[in-house]
Amino acid sequence: MSSIEAYTTTRTGTMGERLAATAGFAIALVLLRLPFRHTVRAARLARRVGRRELDEAQAQALVGAVRHTARWWPGRAACLETSLGAMLAAALLGRRLNWCLGARFAPPPVEYHAWAELPGSGPVGEYTAAGWHHHTALTI
């Protein structure tokens, strides 16, 4: 993931979305320190909370708010942390956002990647130039 994707300087979303983004990111940091099966179980439980769908603009704002929050974390805050944080932030707002793990294919490299996506739609807030596509291994 490039630094442009991981860290944004633009503050997006309403105050409630920014607070949910901060809480979601903090919870994601704690969950990712646990064994992965516990993280997946907690993410599945949080996913059930989200009943209402997000529209594209709200999802972009929420992912941007989590990435903005991640700027202030002194440790690792790459795709795994920010995508889980966005999914948890959506759940805190009673909304639904998928957390996806898989690979991102580009012309030269293939890299493991995690991203947030709207149900039935593509990745939210991802750099998708010509020739890039995502292959999902796990969706929560």
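**Note on helix packing and nonpolar cores in a predicted model**

1. Helix α3 passes helix α5 in a left-handed crossing (the near helix turned anticlockwise from the far one by less than a right angle). The two helices, α3 at residues 36-49 and α5 at residues 79-92, pack at about 35 degrees with axes 8 Å apart. From α3, Thr39, Ala43, Ala46, Arg47 and Val49 make the contact (heavy atoms within 4.5 Å); α5 contributes Leu84, Met87, Leu88 and Ala91. Seven of the residues in this contact are nonpolar, one is polar and one is charged.

2. This is a predicted model, in which local features need pLDDT of at least 70 and side-chain atom pairs count only at 80 or more, whereas totals for chains, interfaces and linings use all residues. Numbering starts from 1 along each chain, and side-chain values use heavy atoms, without hydrogens or water.

3. Mean pLDDT (the predictor's confidence in each residue, from 0 to 100) is 84, with 86% of residues at 70 or more. Helix α2 (residues 15-31) has the highest mean among the elements, 94, and helix α1 (residues 3-6) the lowest, 45. Residues 1-7 stay under 50. Where pLDDT is low, the predicted coordinates should not be read in detail.

4. The largest nonpolar core (buried nonpolar residues joined through side-chain atoms within 4.5 Å; buried means under 20% relative accessible area, 1.4 Å probe) has 19 residues, of which Leu54 and Leu97 touch the most other members. Helix α4 gives the most to this core, six residues. Beyond four places in sequence, the contacts of Leu54 include Ala59, Leu62, Ala90 and Leu118.

5. A second, separate core of 15 residues includes Ala28, Leu31, Val40 and Met87.

Terms used: Axes fitted to C-alpha atoms, helices over the stretch in contact; angles between N-to-C directions. Helix = DSSP H or I, 4+ residues; strand = E, 2+ residues; numbered from the N terminus. Nonpolar A, V, L, I, M, F, W, Y, C, P; charged D, E, K, R; others polar. Buried < 20%, exposed > 50% of the residue type's maximum accessible area, 1.4 Å probe, protein only.
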